[in-house]
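Q: Please go through the structure shown here and set its values against the definitions of the terms used.

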Amino acid sequence: MCQAMIDAVYIDRLSGRLTEMETRMSEAAGVGDHRKLRTLVAEHAPLKKVVECGRRLLRIKHDLDEHRALIAGPSTDSELKHLAEEEI
């Protein structure tokens with residue numbers, strides 16, 4: 001399943017690649033290497049979308065885990081459990 005392939009380590013690695021690309025884009029712009037800059041910009045845009053979506057997915061997964069823990073918690077107030085169930 002796709003979810004198993006997307007974890008925090010993978011997103012962090014992609015995020016590092018994104019930062020590296022941004023540095024290279026800045027360098028290319030600074031020296032006027034327009035061909036290299038165009039290539040990097042073309043690679044950067046889709047990678048940025050993947051990183052943003054991956055971070056959003058991880059945030060949602062974290063929230064879902066927290067809600068499930070509240071629901072399963074024996075000492076959790078019934079009203080709080082109900083709110084957590086609604087969030088899921």
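A: Lys61 and Asp65 both lie in helix α3, four residues apart, which is about one turn of the helix. A helix here is a DSSP run of H or I with at least four residues, while a strand is a run of E with at least two, each numbered from the N terminus. The model is predicted, with local features needing pLDDT of at least 70 and side-chain atom pairs counting only at pLDDT 80 or more, while totals for chains, interfaces and linings use all residues. Residues are numbered from 1 along each chain as its sequence is written, and side-chain values use heavy atoms, with hydrogens and water left out.

Q: What makes the contact of Lys61 with Asp65 a salt bridge?
A: The term requires a side-chain nitrogen of Lys or Arg within 4 Å of a carboxyl oxygen of Asp or Glu. In this pair the closest N and O atoms are 3.1 Å apart, so the contact qualifies.

Q: Are Lys61 and Asp65 buried or exposed?
A: Neither word fits, because buried means under 20% relative accessible area and exposed means over 50%, with partly exposed in between (1.4 Å probe, protein chains only). Lys61 has 38%, which makes it partly exposed. Asp65, at 36%, is also partly exposed.

Q: Which residues are joined into one network by salt bridges that share partners?
A: Arg17, Glu20, Arg24 and Glu43 form that network. The structure holds four salt bridges.

Q: How do you know that Arg17 and Glu20 meet in a salt bridge?
A: Their N to O distance is 3.2 Å, and that is within the limit, so the term applies. Both residues sit in helix α2 (residues 8–31), three residues apart, about one turn of the helix. Arg17 is partly exposed because its relative accessible area is 30%. Glu20, with 40%, counts as partly exposed too.

Q: What does the salt bridge between Arg17 and Glu43 tie together?
A: The closest N and O atoms of Arg17 and Glu43 are 3.4 Å apart. Arg17 belongs to helix α2 and Glu43 to helix α3, so this pair ties together parts that are 26 residues apart in sequence. Glu43 is partly exposed, at 37% relative accessibility.

Q: Which residues make up the patch of negative charge on the surface?
A: They are Asp63, Glu66, Glu85, Glu86 and Glu87. Asp and Glu count as negative, and Lys and Arg as positive, with His and the chain ends not counted. Patch residues have over 30% relative accessible area and no salt bridge; like charges are joined within 9 Å, and nonpolar side chains (Val, Leu, Ile, Met, Phe, Trp, Tyr) within 5 Å. Each charge is placed at NZ of Lys, CZ of Arg, CG of Asp or CD of Glu. Areas come from the Shrake-Rupley method with a 1.4 Å probe, and for residues only the protein chains shown count as cover.

Q: What makes Glu85 and Glu66 accessible enough for the patch?
A: Glu85 has a relative accessible area of 45% and Glu66 has 43%, so each value is over 30%. Glu85 lies in helix α4, whereas Glu66 lies in helix α3.

Q: Which helices supply the negative patch with at least two residues each?
A: They are α3 (34–72) and α4 (78–87). The largest share, three residues, comes from α4. Between Glu66 and Ala84, 18 residues apart in sequence, the C-alpha to C-alpha distance is 8.6 Å.

Q: Why is Glu52 called partly exposed?
A: Its relative accessible area is 38%, which lies between the two cut-offs, so that name applies. Glu52 is in helix α3, and its C-alpha is 9.1 Å from that of Ser15, 37 residues away in sequence.

Q: Which elements have the lowest and the highest mean pLDDT?
A: Helix α1 (residues 2–5) has the lowest, 54, and α2 the highest, 95. pLDDT is the predictor's confidence in each residue, from 0 to 100. The chain averages 90, and 94% of the residues score at least 70. Where pLDDT is low, predicted coordinates should not be read in detail.
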